[in-house]
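Biologist: Could you take me through this model, going from its overall make-up to its finer backbone details?

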Amino acid sequence: MPTVRRFDHVGITVADLEAATAFFVGLGLEVEGRTPVEGAFIDTVIGIPGSRTEIVMLHAPGGGTGVELSRFERPDARPGSPAAPANELGLRSVAFEVDDLAGAVDWAAAQGYGLVGGIGEYEGVWRMAYVRGPEGIIVALAERIG
């Protein structure tokens, strides 16, 4: 039976690559690279002939699981549901541990990205909040407090 060796990255398709990249960099991720991708490889993998996308790979300082942001130049992107609630089927959030939850939430608010609900505390161990980031991406931010 095949075995997963590691969790590599989460891919997020966006319309505004610059805004999404700036948001995640503002949270503290670092850009690993940026490149256009087109040709037989991508056409085969995603099953969309003639596609062209530009991707930005981001990682937390020190590495770990990455975030791949992609913007399609061809074909045009299909609209998603930027106001999807947490219980809508599909990938709903991407989560990060932060060292200062209040500071991260304040930073996001100053950038125009508000809370989905409120700041909650789980059993004296975690403080957590959902922020609705660019294009409706729900970003879970958690701070270990215990």
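The exchange below moves from the chain to its sheet, its core and its loops.

Biologist: Since the model is predicted, I would begin with its outline: how many helices and strands are there in the protein chain?

Modeller: The model is indeed a predicted one, and its C-alpha atoms fill a box of roughly 50 × 40 × 30 Å along the principal axes. Read from the N terminus, the elements run β-α-β-α-β-β-β-α-β-β-β. The protein chain therefore holds, with helices and strands taken as DSSP runs, 3 helices and 8 strands.

Biologist: What percentage of the 146 residues in the protein chain is buried?

Modeller: The accessible surface of the protein chain comes to about 8,900 Å², and 55% of it belongs to carbon and sulfur atoms. For single residues the criterion is a relative accessible area under 20%. By that criterion the buried share of the 146 residues is 32%.

Biologist: In what order do the strands of the open sheet follow one another?

Modeller: The sheet has 4 strands with mixed pairing, and its edge strands, which pair on one side only, are β1 and β2 (30-38). Neighbouring strands are turned against each other by 20 degrees on average, with direction ignored. Within the sheet, β1 and β4 pair in the parallel sense over 5 bridges. The order is β1-β4-β3-β2.

Biologist: Which residue of β4 is the bridge partner of Thr-13?

Modeller: Along the pairing of β1 with β4, which is parallel, Val-10 stands opposite Val-67. Thr-13 belongs to the uncovered face of β1, together with His-9 and Gly-11, whereas Val-10 and Ile-12 form the covered face. The bridge partner of Thr-13 in β4 is Ser-70.

Biologist: At about what angle to β4 does α1 run?

Modeller: The helix α1 spans residues 17-27 and β4 spans residues 63-74, and each supplies at least two residues of the largest nonpolar core. In its placement, α1 lies across β1, β2, β3 and β4. The angle between α1 and β4 is about 165 degrees.

Biologist: Which residues have the most contacts inside the largest nonpolar core?

Modeller: This core has 25 residues, and the elements that each supply at least two of them include β1, β3, β5, α3, β7 and β8. Ile-12, on the covered face of β1, touches Phe-24, Val-67, Glu-68, Leu-69, Ser-70, Val-94 and Ile-137, leaving aside residues up to four places away in sequence. In soluble globular proteins, nonpolar side chains tend to be buried together. The residues with the most contacts inside the core are Ile-12 and Phe-24.

Biologist: Turning to the backbone, what is the omega of the peptide bond from Arg-74 to Pro-75?

Modeller: Pro-75 is placed in the loop between β4 and β5. The bond that leads into it from Arg-74 is cis, with an omega near -20 degrees.

Biologist: Is Glu-135 exposed, partly exposed or buried?

Modeller: Glu-135, in the loop between β7 and β8, has a positive phi of about 60 degrees although it is not a glycine. Glu-123, in the loop between β6 (120-122) and β7, also is not a glycine and has a positive phi, of about 50 degrees. Glu-123 is exposed, with a relative accessible area of 64%. For Glu-135 the relative accessible area is 36%, so Glu-135 is partly exposed.

Methods: Residues numbered from 1 in each chain as written. Predicted model: local features only at pLDDT ≥ 70, side-chain atom pairs only at ≥ 80, totals over all residues. Heavy atoms only, no water. Core = buried A, V, L, I, M, F, W, Y, C linked by side-chain atoms within 4.5 Å. Buried < 20%, exposed > 50% of the residue type's maximum accessible area, 1.4 Å probe, protein only. Contact = heavy atoms within 4.5 Å. Pairing = 2+ DSSP bridges. Axes fitted to C-alpha atoms, helices over the stretch in contact; angles between N-to-C directions. Areas by Shrake-Rupley, 256 points an atom, 1.4 Å probe, with all protein chains shown as cover.
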